[in-house]
Amino acid sequence: MMQQTVSAFWRSMTFAVVLIAVSLTFSVNTSPAAAQNATPTPTDPVWRGYSAVREAIEEEFSTDLTIVRNYDWTQTEFVNGIDDCVDLDNPAAARPIYFGWTYTITDMNGSQYQARISFDLRDLVICDNVQIASAPAPENNDDDDSETVAAADVPPPVAGAAAGGGFELGGHVLELNGNTVNLMNRAGMTWVKKQVRHTIGANATANAGIIDAAKSNGFKILLGVVGDKDQLGADFDGYVADYSQYVAGLAGLGVDAIEVWNEPNIDREWPAGQISGANYVRLLAPASNAIRGANPNTLVVSGAPAPTGFFGTAGCTAQGCNDDVFMQDMAAAGAAQYMDCVGLHYNEGIVSPNTNSGDPRGEYPTYYFNSMTNRGYNPFGGTPICYTELGYLSGDGFDTPIPPSFGWASNTSVAQHSAWLAEAASMAAQSGRVRILIVWNVDFPFYTATDPMGGYAMFRPDGSCPACDSLGTVMGR
């Protein structure tokens, strides 16, 4: 039924195009002498989209695209709707579909075809002129009083030895007490995450107790090192030097992984007017070199950006950047050579991670686990992902309802919370793209009118932990 609906639409189209803002790009290239036969992965939503687009183009142009020279895809925001790339006889027939994929296919003769398809694969359109949009450059806000720091050269990378390894599961904990340790063991977790804050002059040895507690209980430890945005803004180079010395100290204490900063794409965590992926790399590069110099076995994780499309089609303003644009800017600045893992967050899901459409809020990619994974994986040439926060919010068991600002999760049950964490872990393990998945969170009891952290917790108010058992089953416990 879906294919019939799609076919009926695209056969009726005439074509003319302008492509708009690109969120994320993946491409497969071969030389003209080496044909590309796309590898089928039937459960991958990207493959399903490619198959639908290829079939439509083959029928429309009476061509064979079984073997092609090149194909690529982008997660795209269709600012003026999916039909903006064609001239409609009746403009009123344009569909209000604003997010999906754009596929570009080059056949063996060098002819190129381009088509758009919605994430749920129900709406497809073939475009006339093939155009590739570049990622939007960060904008300066002339009304902002802060000084924009220009991107600069970064030092050559120091080699590390921490890359590689199979999938592992962990949890962000408040306190590593006996109960929390038992919950984590029950869930098959081997990593514990804690977050620490750096200020100028701080001594890394203050965290020795946290590190020793994790290791004495049989866990590897990931420390997320959050910086001080005001100190960074006041003296960028001086602060970066002190921060780098601090994370080197942590590595020397035997920390297994360090996440360099937290959500550096928004002004809550990074100075306004200085936010860009390139500026972040100016911190990441020396910090990574310091970590690897102190302990080459410490995994370097890039600071996970806040998943957001808040900054619109511009991609970046003085106040922040959409996470996809920020990561593309990081990649262009050479971030991949300074990290072993791409830090990502996913904490706003209200549908199963096995689904790729149907969220009542819309089809924005950060709502879905698969598209969020692709969003972080593809810009960096195959560098694996470390989900340093992944969680589902459920208000079940609490005396007060979900706060209004988190109302999108008001219908998520604790049973769904448990099942979806297990599904996400299973999918991550099978994807070949995810190195570590840290569940946000294991044991936080806090549940306030502004931040219901306890609603994300595996340990529920009644003392139960259904997610421990569902995750334990996935992890073979």
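In which sense, left-handed or right-handed, does H7 pass H8? I took this up at the start of my notes, keeping in mind that the model is a predicted one. I found that H7 passes H8 in a right-handed crossing.

**Entry on H7 and H8**

I looked up the geometry of the pair and noted that the axes of helix H7 (residues 277–294) and helix H8 (residues 323–332) come within 7 Å and cross at roughly 55°. I therefore describe H7 and H8 as oblique to each other, since angles of 65 to 115 degrees would be needed for roughly perpendicular and angles under 35 degrees for roughly parallel. Turning to the residues that make the contact, I listed Gly277, Ala278, Tyr280 and Val281 on the side of H7, and Phe326, Asp329 and Met330 on the side of H8. Sorted by class, the contact of H7 with H8 comprises five nonpolar, one polar and one charged residues.

**Entry on H3 and H11**

I then examined a further helix pair, in which helix H3 (residues 178–187) and helix H11 (residues 466–474) pack at an angle of about 40°, their axes being 6 Å apart. From H3 the contact draws on Leu183, Arg186 and Ala187, and from H11 on Cys468, Asp469, Leu471 and Gly472. By class I recorded four nonpolar, one polar and two charged residues for the contact of H3 with H11.

**Entry on aromatic pairs**

How many aromatic pairs does the count come to? With ring centres required to lie within 6.5 Å, I noted 19 aromatic pairs. I looked at tyrosine 239 and tyrosine 243, whose ring centres are 6.2 Å apart and whose planes stand at 35°, so I entered the pair as tilted. Both tyrosine 239 and tyrosine 243 lie in helix H6 (residues 236–252), four residues apart, which is about one turn of the helix, and I marked tyrosine 239 and tyrosine 243 as buried.

Next I checked tyrosine 346 and phenylalanine 369, where the ring centres are 6.1 Å apart and the planes are at 65°, so that this pair is edge-to-face. Because tyrosine 346 belongs to strand S13 (residues 342–346) and phenylalanine 369 to helix H9 (residues 369–377), the pair ties together parts that are 23 residues apart in sequence. I marked tyrosine 346 and phenylalanine 369 as buried too.

**Entry on the ring cluster**

Finally I followed the ring pairs outward and found that they link Phe236, Tyr239, Tyr243, Trp261, Trp270, Tyr280 and Phe326 into a cluster. Among these, Tyr280 and Phe326 had already appeared in my notes, as residues in the contact of H7 with H8.

Note on methods: Residues numbered from 1 in each chain as written. Predicted model: local features only at pLDDT ≥ 70, side-chain atom pairs only at ≥ 80, totals over all residues. Heavy atoms only, no water. Axes fitted to C-alpha atoms, helices over the stretch in contact; angles between N-to-C directions. Helix = DSSP H or I, 4+ residues; strand = E, 2+ residues; numbered from the N terminus. Parallel < 35°, antiparallel > 145°, perpendicular 65-115°, else oblique. Left-handed = near helix turned anticlockwise from the far one by under 90°. Contact = heavy atoms within 4.5 Å. Nonpolar A, V, L, I, M, F, W, Y, C, P; charged D, E, K, R; others polar. Phe/Tyr/Trp six-rings, centres within 6.5 Å; stacked < 30°, edge-to-face > 60°. Buried < 20%, exposed > 50% of the residue type's maximum accessible area, 1.4 Å probe, protein only.
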